[in-house]
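This report introduces a protein chain to a reader who has not met it before. Please look over the sequence and the structure before reading on.

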Amino acid sequence: MYRWLVLSSRPDLWTLDPDVLHLNHGSYGAVPRRTQEVMAGLRAEMDANPMVWFRTVAGRLTASRLALAAYLETDPDGFALVPNASAGVTVALQTLPIPAGSRIVLTDHAYGAVRYAAERFAKARGAEVVIAEIPIEADDETVVALIADRLAGASVLIVDQITSGTAKVFPIDALVATAHDRGVPIVVDGAHAPALIDAPASAGADFWTGNFHKWPAAPRATAGLVVAEPWRTASMPLIVSWSEYDERMPERFDMLGTYDYVPWIAAPESLRVLAELDWPTRRPQLTTLVEEGAKVLAKALGTGVAEVAHPPATMRLVELPSSVDLSGGDALKLRVSRELKAEITFTGFDERKFIRLSAHAYNSLADYEKLSAGLPKLLA
Ligand SMILES: Cc1ncc(COP(=O)(O)O)c(C=O)c1O
C-alpha cells in the first residue's frame, strides 16, 4: 500500500548514518552529499590560497544571495544573508524603535531564544514583553483575534510562521494586515518556512527571517533576512562589515570580516538537489508519509496524533502517554538515541507532552515503524 512512498525515498542523496533513524530534520536539517562535495571543493580552494579566496568571496556571495532571494521569490534589494533565524530576529529588534513603556508582543509558541531576544531588548529599552496565549487547536481566525487583543501599546509584534514546539502554521497574511491596521510593526520568524511554504516572505512583514539550513537542506548557518523598504537604511548586521557605509542593505550584511563564507556560497547547490527531487510533488508525499508515520507511532503508544488546527507539510506531533517524565531535560532523548538509535525530539505545551516527528526525502514509512516497535517499551 505504501510502496510508492518507499520507492520515492532517497537516502542515497545524503550521508546520514544508515544505522540511525533520522526523524528530526526540523531541528538541524541534513546536508545532501552533493552540497557537502561543493563545500569540500570550496574549502580546498580557500586553503590552497586564502588570499585569492578572500578576493573572490564578494562576487560569489552576491551570486548566492541573488539565487536565495529568487528561491524565496523576494526583492533582492531587501534580502540579506544572516547566519540563522536567531540573528535575523535580533537584527529586527535592534532596528525597530521600542520606546520605553511600550510592549513587545509574542505568543506562547515563540521559540525560546526568540523570547530571550525580546526580553533582552525589552529590558534595555524599558519596555515590557507581553505574551498572547494561543491554544494548539485555535483556527486562523481565533489566532488573529487572540493576538489582536494584545496589541494595544505594542511597538513590535513577533510571530512564528511555523511554530517549533507545536508544529503549527500561523496565518501570516492576516497577522501582517492586523498589525499594520493598528500601526504595529511585525517581525515574522519563518525559521521553518523556506521549502515548506511557497514565497514565505510575501506577506509584507516589516522583517521576515527564515532558515535555509532546515527544510531546504542547505549547509548550517545559512539564513535569510527580508526587510521592508522603510527599514532598509537602518538595518545593520550584528558584526560590523566592510560595507558599513554602503547604501545598499544586502551588501552591508555580506563581508563580515574573516568569516566562513563556504556555507552561504554552497547553499544554492541544496536548492538544486531539492529541484531534482521534484520538491513540489514530493512535499505532499512527505505530508502523507509523516501523517502515516505519526498514526503508526500513536497507535503503538496508545495515544493519538495531536489535533493541530493548521499543521505544516512535514511535521506532526504525537501525544506522549501522561506517565512519561520529561523533567530530566535531554535525558530521555539521549536514551532513545543510545538504546533505539533514533533521533527524535520531545516538546511540551500547556502540560501536554509530544514527540515531534519530521519527514524529509530520505525517510520512509519503515523508519516510523521501527521507532514504533521500540519506543513503547523504552517509555514504559
Ligand atoms: C520557530 C523557530 N525560530 C527560531 C529558531 C532558531 O533557529 P536558529 O537556531 O537557526 O537560529 C528555530 C530553530 O529551530 C525555530 O524553530
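Which element gives the most residues to the lining of the largest pocket? The answer is β11, with 5 residues. The model examined here is a predicted one, and the sections below set this strand in its surroundings.

## The largest pocket

The largest pocket holds about 1000 Å³ of space, and 46 residues line it. Those that lie nearest its centre are Ser27, Tyr111, Ser164, Lys214 and Arg356. Two or more lining residues come from each of the elements α2 (25-28), α5 (85-95), α6 (112-125), α12 (331-340) and β11 (345-349).

Sorted by class, the lining of the largest pocket comprises 22 polar, 15 nonpolar and 9 charged residues.

## Two domains

The domain assignment divides the protein chain into domain 1 (3-30 + 278-379) and domain 2 (36-273). Taken over C-alpha atoms, the centres of the two domains are 27 Å apart. Contact between them involves 29 residues of domain 1 and 28 residues of domain 2.

Where does the largest pocket lie with respect to domain 1 and domain 2? Both domains give residues to its lining, so the pocket lies between them.

## The sheet that contains β11

An open sheet is formed by 3 strands in the order β9-β12-β11, with antiparallel pairing. Its edge strands, β9 (315-319) and β11, each pair on one side only. From one strand to the next, the twist averages 40°.

The strand β11, already met in the lining of the largest pocket, is joined to β12 (residues 352-358) by 5 bridges, and these two strands run antiparallel. Phe346 has Ile355 of β12 as its bridge partner. Helix α11 (residues 279-301) lies across β9 and β12, and its direction makes an angle of about 10° with β9.

## The sheet of seven strands

Another open sheet has 7 strands, ordered β2-β8-β7-β6-β5-β3-β4, and its pairing is mixed. Why is one side of β2 (79-82) and of β4 (128-132) left without a neighbour in the sheet? These strands stand at the edges and each has a single partner strand, so no neighbour is found on the other side. On average, and with direction ignored, neighbouring strands of this sheet are turned by 20° against each other.

Within this sheet, strand β6 (residues 186-189) and strand β7 (residues 207-211) run parallel and are joined by 3 bridges. Val187 stands opposite Phe207 of β7. Helix α6 lies across β3 (103-107), β4, β5 (154-160) and β6, running at about 170° to β3. This helix is also among the elements that give two or more residues to the lining of the largest pocket.

Key: Residues are numbered from 1 along each chain as its sequence is written. This is a predicted model: local features need pLDDT of at least 70, side-chain atom pairs count only at pLDDT 80 or more; totals for chains, interfaces and linings use all residues. Side-chain values use heavy atoms; hydrogens and water are left out. On a 1 Å grid over the protein atoms alone, a cavity is a set of points where a 1.4 Å probe fits but cannot get out, and a pocket is an open set with protein on both sides within 12 Å along at least five of seven lines; lining residues have an atom within 4 Å of a point. Grid points are joined across faces, edges and corners, and a volume is the space filled by probe spheres set on the points. Helices (H or I, at least four residues) and strands (E, at least two) are DSSP runs, numbered from the N terminus. Ala, Val, Leu, Ile, Met, Phe, Trp, Tyr, Cys and Pro count as nonpolar, Asp, Glu, Lys and Arg as charged, and the others, Gly among them, as polar. Domain bounds come from an automatic or database domain assignment. Two strands pair if DSSP finds at least two bridges between them. Axes are lines fitted to C-alpha atoms, for helices over the stretch in contact, and angles run from 0 to 180 degrees between N-to-C directions. Contact means heavy atoms within 4.5 Å.
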